[in-house]
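The exercises below concern helix packing, burial and backbone geometry. Please examine the sequence and the structure before reading each solution.

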Amino acid sequence: MQFDDVILGRRSIRGYKPDPVPRALIEEIIGLAMRAPSSMNTQPWNFYVITGEPLNRIRAGNTERMLAGVPQSREFRTGQPFDGPHRERQVGVAKQLFSAMGIARDDKDKRQDWVMRGFRQFDAPVCVIVTYDRVLDGSDDTPFDCGAVTNALVNAAWSRGLGAVINSQGIMQSPVVRQHAGIADDQVIMKSIALGWPDHDFPANAVVSERKSVKEATVFVGFED
């Protein structure tokens with residue numbers, strides 16, 4: 001694919017084929033992603049790539065704890081709930097997804113099942129947990145750098161025919177993830193990425209989220225009109 005094809009074509013994939021993803025392909029994708037820039041070349045990121053039975057245990061543990069009402073224990077700050085235009089965009093993409101999946105506003109069971117898909121890593125065959133070195137905790141540069149490598153990873157995956165979705169629900173029960181992924185104590189769990197071959201018959205995979213215009217997002221200074 002050309003660069004523009006990747007950037008303009010990529011979308012979040014929330015339905016996957018069960019087919020395994022070769023380890024060599026994942027290593028290739030991560031190698032590409034790690035060309036992302038980082039502050040003063042610190043490269044704070046690490047990756048735990050999980051599949052098979054360990055991933056099934058994470059899915060089960062996440063689901064059981066959430067349904068039991070165990071408070072979330074995400075290690076990276078969540079901040080305040082979205083408000084204003086940010087909340088409007090959050091609601092907007094949810095409406096797009098519910099519409100694609102045929103989930104009615106008053107269908108509590110289907111809405112609940114949709115939410116739980118996130119805690120199951122969207123039933124993808126692979127989950128990538130992005131962590132950063134704990135000695136850098138508190139640095140604003142570090143999560144910025146991890147965001148850069150995560151963006152590069154999902155785009156590299158798309159360029160190789162794989163789908164991905166960046167997912168916070170999958171790491172909200174951090175003790176479960178830390179235990180079954182064997183995440184070292186010197187790492188802070190930041191994000192999870194569901195990864196696999198897209199199921200093109202899954203309705204939500206056709207959803208393309210809306211974007212602000214360049215005019216809305218950009219201020220040009222010192223340019224001639």
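**Exercise 1. Determine which residues of helix H5 are buried, what covers them, and how the length of H5 compares with expectation.**

Solution. The model is a predicted one.

Step 1. Trp114, Met116, Arg117, Gly118 and Phe119 are the buried residues of H5.

Step 2. The elements that cover these residues include H3, helix H4 (84–101) and strand S3 (163–167).

Step 3. H5 has twelve residues, which at 1.5 Å a residue should span 16 Å. The end C-alpha atoms of H5 are 17 Å apart, which agrees.

Step 4. H4, one of the covering elements, can be treated likewise. It has 18 residues and reaches 26 Å from its first C-alpha to its last, close to the 26 Å expected at 1.5 Å a residue.

**Exercise 2. Describe the backbone and the burial of Gln121 and Asp123 in the loop between H5 and S2.**

Solution. Step 1. Most residues other than glycine have a negative phi.

Step 2. Gln121, which follows H5, is not a glycine, yet its phi is positive at about 60°. Asp123 also has a positive phi, near 55°, and is a residue other than glycine.

Step 3. A residue under 20% relative accessible area counts as buried, and one between that value and 50% as partly exposed. Gln121 has a relative accessible area of 0% and is therefore buried. Asp123, at 32% relative accessibility, is therefore partly exposed.

Step 4. For reference, glycines with positive phi occur after two helices of this model: Gly102 just after H4, at about 70°, and Gly69 after H3, near 80°.

**Exercise 3. Analyse the packing of helix H3 (residues 52–67) against helix H7 (residues 174–181).**

Solution. Step 1. Two packed helices are described by the angle between their axes and the distance between the axes. For H3 and H7 the angle is about 165° and the axes are 9 Å apart.

Step 2. Angles over 145 degrees count as roughly antiparallel, and H3 and H7 are therefore roughly antiparallel to each other. H3 passes H7 in a right-handed crossing.

Step 3. From H3, the residues Pro54, Arg57, Ile58, Gly61, Asn62 and Arg65 take part; from H7, their partners are Pro175, Val176, Val177, His180 and Ala181. By class, this contact of H3 with H7 has six nonpolar, three polar and two charged residues.

Step 4. The buried residues in H3 include Ile58, Gly61 and Asn62, which also belong to the contact with H7. Leu55, Arg59 and Thr63 in H3 are buried as well. The cover over the buried residues of H3 includes H7, strand S1 (45–51), helix H5 (108–119) and strand S2 (126–133).

Step 5. The 16 residues of H3 should span 22 Å at 1.5 Å a residue; the end C-alpha atoms of H3 are 23 Å apart, which agrees.

**Exercise 4. Analyse the packing of helix H2 (residues 23–33) against helix H6 (residues 141–159).**

Solution. Step 1. The angle between H2 and H6 is about 135°, and their axes lie 8 Å apart.

Step 2. H2 and H6 are therefore oblique to each other. Their crossing is right-handed.

Step 3. H2 contributes Ile29, Ile30, Leu32 and Ala33 to the contact, and H6 contributes Val149, Ala152, Leu153, Ala156 and Ala157. Sorted by class, the contact of H2 with H6 has nine nonpolar residues, no polar ones and no charged ones.

**Exercise 5. State where Ser174 and Pro203 lie, how accessible they are, and what they touch.**

Solution. Step 1. Ser174 lies in helix H7. Pro203 is found in the loop between strand S4 (187–196) and helix H8 (214–217).

Step 2. The relative accessible area of Ser174 is 6%, and Ser174 is therefore buried. Pro203 has 37% and is therefore partly exposed.

Step 3. Leaving out residues up to four places away in sequence, Ser174 touches Ser73, Glu75 and Ile189. With the neighbours along the chain left out in that way, Pro203 touches Ala100 and Met101.

Step 4. Pro203 and Cys127 are 76 residues apart along the chain, and their C-alpha atoms are separated by 21 Å.

Key. Residues are numbered from 1 along each chain as its sequence is written. This is a predicted model: local features need pLDDT of at least 70, side-chain atom pairs count only at pLDDT 80 or more; totals for chains, interfaces and linings use all residues. Side-chain values use heavy atoms; hydrogens and water are left out. Axes are lines fitted to C-alpha atoms, for helices over the stretch in contact, and angles run from 0 to 180 degrees between N-to-C directions. Helices (H or I, at least four residues) and strands (E, at least two) are DSSP runs, numbered from the N terminus. Angles under 35 degrees count as roughly parallel, over 145 as roughly antiparallel, 65 to 115 as roughly perpendicular and the rest as oblique. A crossing is left-handed if the near helix is turned anticlockwise from the far one by less than a right angle, and right-handed if clockwise. Contact means heavy atoms within 4.5 Å. Ala, Val, Leu, Ile, Met, Phe, Trp, Tyr, Cys and Pro count as nonpolar, Asp, Glu, Lys and Arg as charged, and the others, Gly among them, as polar. The expected span of a helix is 1.5 Å times one less than its number of residues. Buried means under 20% relative accessible area, exposed over 50%, partly exposed in between (1.4 Å probe, protein chains only).
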